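I opened this entry to look up salt bridges and one helix pair. My notes follow the order in which I checked them.

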Amino acid sequence: MIVVLGASGNIGSATVSALKQKGAQFKAGYRKPEEMQKAQQRGYDAVQVDYGDRLSLARAFEGAQRVFFVNPPSPQMLSLETNVLNAAKQAGVKLLVKSSVWGAESEDFVFSRPHRASEKQIEASGVPYVFVQPNGFFQNLLASAPLIQSQSMFAQPDSDPAVSEVDVQDIGNVAAAILTSDGHEGKAYRVSGPVAITGAQKAQVLSELLGRAIKCVVVLREQWKQAAMKFGVSDWLAGGIIDLQRYYAEGKASAIVDTVPRFTGAPARTFQQFARGALVAFGG
């Protein structure tokens, strides 16, 4: 039995979709009861799981052989992922697949540090593991969809570097391939898109698809942070995004890796493909 935790998020839902396409037997874990109920109505074997609730983790892991988990960045990430690890160890899970982050091993930016701390715990635990380390993903731009609709622009702090971003569906496809095959224990797989792309290049693609000029505007970091917090982004998360942008600007996230075609047999999806599929969200 495969268990997917965080099944309602970008990467988790993509992994669930990929496993379903493969015909794999799996259980999907959702934090909110209403999300679990909707999944059950769609025919999924679904369970409610809260990373802070050890009993819910124990229930979710009953009969589990392989577990995939994803956890959004937060100051509590390490303690929550420690709970997942302990529950997996107690349940005798044969393979623990963690969704990590590109560059985790560097510990060079805010989000990398708790991810790497969690990776180190898993490495020392004796539980067989795999780390999936995706670069930033296209779907993050959906947070700026209201601005693109209303003002034909989106903003970035400080700079506009080229980043080999990836579509979350490709991340899910890679995770599903790992969960349904053997020989991956102890490995870390970086996941990128097919090219490194800038915000200006994304804006050009959107302009062509929408038939109106879209701009990527680079603003001062404090200006960007204040605007982000007005939209409900926490101080910690906004600071982390700014630090990630600094990491990008140093050219550390522009490399292309072949993980997607190697694991899926298909080329990595392009930003153009993502944008066409999400055009309604951007006002198309």
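I began with Lys 225, which counts as buried (under 20% relative accessible area, exposed being over 50% and partly exposed in between, with a 1.4 Å probe and protein chains only) because its relative accessibility is 15%. The model is predicted, so I kept in mind that local features need pLDDT of at least 70 and side-chain atom pairs pLDDT 80 or more, while totals for chains, interfaces and linings use all residues. Residues are numbered from 1 along each chain as its sequence is written, and side-chain values use heavy atoms, without hydrogens and water.

Lys 225 forms a salt bridge with Asp 235 at 3.0 Å, N to O; the term requires a side-chain nitrogen of Lys or Arg within 4 Å of a carboxyl oxygen of Asp or Glu. I placed Lys 225 in helix H9 (residues 221–230) and Asp 235 in helix H10 (residues 235–249), 10 residues apart; helices are DSSP runs of H or I, at least four residues, numbered from the N terminus. Asp 235 is partly exposed at 44%.

Next I took Asp 243 and Arg 246, whose closest N and O atoms are 2.9 Å apart in a salt bridge. They sit 3 residues apart in H10, so about one helical turn separates them. Asp 243 is buried at 17%, and Arg 246 is partly exposed at 24%. I found both in a salt-bridge network with Asp 108, Glu 250 and Lys 252.

I also noted the salt bridge of Asp 258 with Arg 262, at 3.1 Å between the closest N and O atoms. Asp 258 is partly exposed at 44%, and Arg 262 is partly exposed at 49%. The salt bridge count comes to 15.

Key: Helices (H or I, at least four residues) and strands (E, at least two) are DSSP runs, numbered from the N terminus.
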